[in-house]
Amino acid sequence: MTDIACDTVTLDLAILRVEILYTGGTFGMVDGGDGLRPRTGIGGDVADLIDAYTDRFGIPVEFRYRELEHVIDSAHAGPDTVGVIAEQVRAALRVTRSEGGTPPDGVILIHGTDTMAYTGARLAFELHDLAIPVVLTGAQIPLGQPGSDAGENLLLALNSIATQPASGTFIAFGSRLHPAVRASKRSSHDRDGFVTVRPHTPPPGPIASPDTGAKAETPSPVGLFTVFPGMDTDLLDAALRIYHGGVVLECYGAGTMPASAAAIDAIRKATGRGTPVVVITHCDSGSVDLSLYQPGRALLAAGAIGGGDMTREAALAKLGHLAGFELTAAELRRWMTSNLLGELTESPASH
């Protein structure tokens, strides 16, 4: 987590160049009488905010503004949405190169807060090869409404690119910049609505990725299942069948769950037919160690993969990203338990 003030730019910049993609969310919503809904055509509002940034810091901003064809409430975001956003970002950069223009210093994505951490984490993997920062931002209160935080959040996103022009995917919100692979939304109304749940520890060497492997024509769906007291095993079995690309299993503590014979058998059958099961903890600190308790050892014996201290958003994003490649079970296990972008503090103790 990094605190970035909206009143100081530390670099001596002649001009700041950014690509801006508006995807929807509270930032640009209006109330049509039936609740807040996203609206299109907010480019003029964004331009006014950028003018205010230039007035405050004396830094001209050269920007290109785009919108998704269908802007959405981020509650409707899914894996396909992330794919569209990633392609839009790459397409914008391709256009700049083809026109012989100066590459942007960064990309700003205006996105709804509800699924911003999920989208951000997935984009971190999908766009890991970009040499510029990708910064997501949004708002708890729409533009134009009393107390709106939209303008300050956009200025924070601009400032984060101006002051810390490192590659990677981040969330700029409230007063802080969060690495997307470690961020979660923790408040539905606070101005600092996001937190960096665990330390961001990027690997010491170059980013590794299975990108050179064969891509699956139609990636299999992945899902998240949270265990709870009184859990019906039929629910877990259904999730394992529906999300045959893999399931992130959010467990208690160090990786325990109601480990009935039926539940363990459902997991064993799923891993046996090629559906990976990745175990994470619902705790905000600490890590999974499947060797510690008997239920964890039962999960390990059934073929589950220890997810270390990954957040639910990062684990789901990473599993979804890897599901897009034609990997063997052993290869997928190796990639899931390797720290690729700082999403893991260290390799899981038992995997």
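## Helices α3 and α8

Helices α3 and α8 are oblique to each other, a word used for angles outside three ranges: under 35 degrees (roughly parallel), over 145 (roughly antiparallel) and 65 to 115 (roughly perpendicular). The model is predicted; local features need pLDDT of at least 70 and side-chain atom pairs pLDDT 80 or more, while totals for chains, interfaces and linings use all residues. Residues are numbered from 1 along each chain as its sequence is written, and side-chain values use heavy atoms, without hydrogens or water. Helices (H or I, at least four residues) and strands (E, at least two) are DSSP runs numbered from the N terminus.

Helix α3 covers residues 116-126 and helix α8 residues 312-322; their axes cross at roughly 40 degrees and come within 8 Å. Axes here are lines fitted to C-alpha atoms, for helices over the stretch in contact, and angles between N-to-C directions run from 0 to 180 degrees. The crossing of α3 and α8 is right-handed, meaning that the near helix is turned clockwise from the far one by less than a right angle, where anticlockwise would be left-handed.

On the α3 side, the contact (heavy atoms within 4.5 Å) involves Ala117, Tyr118, Ala121, Arg122, Phe125 and Glu126. These meet Arg312, Glu313, Ala314, Leu316, Ala317, Lys318, Gly320 and His321 of α8. By class, the contact of α3 with α8 has 7 nonpolar, 2 polar and 5 charged residues. In this scheme Ala, Val, Leu, Ile, Met, Phe, Trp, Tyr, Cys and Pro are nonpolar, Asp, Glu, Lys and Arg are charged, and the others, Gly among them, are polar.

## Burial of α3

Helix α3 is largely enclosed by the rest of the structure, because 9 of its 11 residues are buried. Buried means under 20% relative accessible area, exposed means over 50%, and partly exposed lies in between (1.4 Å probe, protein chains only). Among the buried residues of α3 are Ala117, Ala121, Arg122 and Phe125.

## Helices α5 and α6

A second helix pair is α5 (residues 233-242) and α6 (residues 261-272), whose axes lie 9 Å apart at an angle of about 5 degrees. The two helices are therefore roughly parallel to each other. Thr233, Leu236, Asp237 and Leu240 of α5 make the contact with Ala262, Ala263, Ala266, Ile267 and Ala270 of α6. The residues of this contact divide into 7 nonpolar, 1 polar and 1 charged.

## Two buried residues

Aspartate 309 sits in the loop between β15 (305-306) and α8. With a relative accessible area of 7%, aspartate 309 is buried. Its side chain makes a polar contact with the side chain of threonine 345 at 2.2 Å. A polar contact is a pair of N or O atoms within 3.5 Å; within protein, one must be able to donate a hydrogen and the other to accept it, and residues adjacent in sequence count only if both atoms are side-chain atoms. Leaving out residues up to four places away in sequence, aspartate 309 touches Arg182, Arg198, Gly286, Ser287, Glu343, Leu344 and Thr345.

Serine 160 belongs to helix α4 (residues 150-163) and is buried at 2% relative accessible area. A polar atom of the serine 160 side chain lies 2.7 Å from the backbone oxygen of alanine 157.

## Two residues with more accessible area

Valine 84, in helix α2 (residues 79-98), is partly exposed at 43% relative accessibility. Threonine 218, in the loop between β11 (194-196) and β12 (222-226), is exposed at 64%. Threonine 218 and phenylalanine 325 are 107 residues apart in sequence and 9.7 Å apart in space, C-alpha to C-alpha.
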